[in-house]
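This report describes the helix packing, the nonpolar core and selected local features of one protein chain. The sequence and the structure are shown first.

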Amino acid sequence: ILKMLVNTNAAEETSCLTKRQREVLKIAANLGYSVDYRAHVVAILQTSYATVQNHTGNIMKRMEVHDIFAAVCKVLQVGALSIDEVVGDSDRLTNLRLGLEELTANEEKVLKAFYACSLEEGRANYDIVALRLGLTTFMVNNTVHSIYTKLKKCGVHNRAQLAVAAH
């Protein structure tokens with residue numbers, strides 16, 4: 001019952017997003033850059049940085065999350081955006097799936113914990129994930145770095161893209 005309530009609340013939170021806010025989320029999740037995604041959203045949508053910051057802030061406030069990773073996790077979980085919409089390219093999705101097959105069991109566990117943590121806490125935090133898994137923050141950090149290294153060839157360079165991979 002609790003899971004149904006959480007999903008219903010998440011669906012309500014994502015349904016109030018505007019078309020432009022959905023575009024911002026989609027671009028943030030799809031970009032293959034490790035730098036500030038907002039600057040790239042500005043270029044793609046041909047709008048101002050302040051407008052993108054405003055959209056991002058409104059997305060996080062409406063969805064009750066603290067970072068873009070958690071926002072992407074929520075929209076994927078409730079189906080407000082499909083994995084195909086976010087990835088956009090079937091070859092890229094195939095490469096991502098192949099990359100995920102290279103992860104160790106421990107790396108998969110950490111990735112899933114980040115995804116679950118972002119859905120439940122509204123943010124993905126190394127300390128929270130470490131506590132949940134009984135690991136040190138240093139171990140979680142090293143594992144995430146290892147995941148990035150393995151998934152880099154699949155176009156995963158930031159936490160929003162990790163959300164897509166985890167989904």
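## Report on the predicted model

Glu64 is located in the loop that joins α4 to α5 (68-78). The coordinates belong to a predicted model. The phi angle of Glu64 is near 55°, a positive value in a residue other than glycine. With a relative accessible area of 57%, Glu64 is exposed. A second case is Gln46, whose phi is positive at about 50° although Gln46 is not a glycine. Gln46 sits in the loop between α3 (37-45) and α4, and its relative accessibility of 73% makes it exposed. As background, most residues other than glycine have a negative phi.

**Overall organisation**

The secondary structure of the protein chain consists of 11 helices and 0 strands. Read from the N terminus, the order of elements is α-α-α-α-α-α-α-α-α-α-α. The protein chain has 167 residues, of which 44% count as buried. Among contacts with a separation of 6 or more, 62% are between residues 24 or more positions apart.

**Helix packing**

Three helix pairs are compiled below.

| Helix pair | Crossing angle | Axis distance |
|---|---|---|
| α2 and α4 | about 100° | 10 Å apart |
| α2 and α5 | roughly 110° | within 10 Å |
| α8 and α10 | roughly 100° | within 10 Å |

Helix α2 covers residues 19-30 and helix α4 residues 49-63. Because angles of 65 to 115 degrees count as roughly perpendicular, α2 and α4 are roughly perpendicular to each other. On the α2 side, the contact is made by Arg20, Gln21, Val24 and Leu25, and on the α4 side by His55, Thr56, Asn58, Ile59, Arg62 and Met63. By class, the contact of α2 with α4 has 4 nonpolar, 4 polar and 2 charged residues.

Helix α2 also packs on α5, and these two helices are likewise roughly perpendicular to each other. Here Leu25, Ala28 and Ala29 of α2 meet Ile68, Ala71, Val72 and Val75 of α5. The contact of α2 with α5 has 7 nonpolar residues, with no polar and no charged ones. Leu25 thus takes part in the contact with α4 and in the contact with α5.

What are the buried residues of α2? They are Gln21, Val24, Leu25, Ile27, Ala28 and Ala29. In general, residues of an α-helix three or four places apart point the same way, because the helix has 3.6 residues a turn. The length of α2 can also be checked: at 1.5 Å a residue, its 12 residues should span 16 Å, and the end C-alpha atoms are 16 Å apart, which agrees.

The third pair joins helix α8 (residues 105-121) and helix α10 (residues 137-151). Their crossing angle makes α8 roughly perpendicular to α10. Asn106, Glu107, Val110, Leu111 and Phe114 of α8 are in contact with Val140, Thr143, Val144, Ser146, Ile147 and Lys150 of α10. The residues of the contact of α8 with α10 divide into 6 nonpolar, 3 polar and 2 charged.

**Nonpolar core**

The largest nonpolar core contains 55 residues, and those with the most contacts inside it are Leu25, Met63, Phe114, Val140, Leu162 and Val164. The helix that gives the most to this core is α5, with 8 residues. In soluble globular proteins, nonpolar side chains tend to be buried together.

Which residues are in contact with Val140, leaving aside its neighbours within four places in sequence? They are Val110, Phe114, Tyr126, Val129, Ala130 and Leu135. Of these, Val110 and Phe114 belong to the α8 side of the contact with α10.

Asn141 is also found in helix α10. Asn141 is partly exposed, with a relative accessible area of 38%. Its C-alpha atom is separated by 9.1 Å from that of Ala130, a residue 11 positions away along the chain.

**The segment after α11**

His167 is placed in the segment that follows α11 (159-166). Its relative accessibility is 42%, so His167 counts as partly exposed. Apart from its neighbours within four places in sequence, His167 is in contact with Leu76, Gln77, Ile83 and Tyr115. The C-alpha atoms of His167 and Ile83 are separated by 7.9 Å, although the two residues are 84 residues apart along the chain.

Notes. Residues numbered from 1 in each chain as written. Predicted model: local features only at pLDDT ≥ 70, side-chain atom pairs only at ≥ 80, totals over all residues. Heavy atoms only, no water. Axes fitted to C-alpha atoms, helices over the stretch in contact; angles between N-to-C directions. Helix = DSSP H or I, 4+ residues; strand = E, 2+ residues; numbered from the N terminus. Parallel < 35°, antiparallel > 145°, perpendicular 65-115°, else oblique. Contact = heavy atoms within 4.5 Å. Nonpolar A, V, L, I, M, F, W, Y, C, P; charged D, E, K, R; others polar. Buried < 20%, exposed > 50% of the residue type's maximum accessible area, 1.4 Å probe, protein only. Core = buried A, V, L, I, M, F, W, Y, C linked by side-chain atoms within 4.5 Å. Expected span 1.5 Å × (residues − 1).
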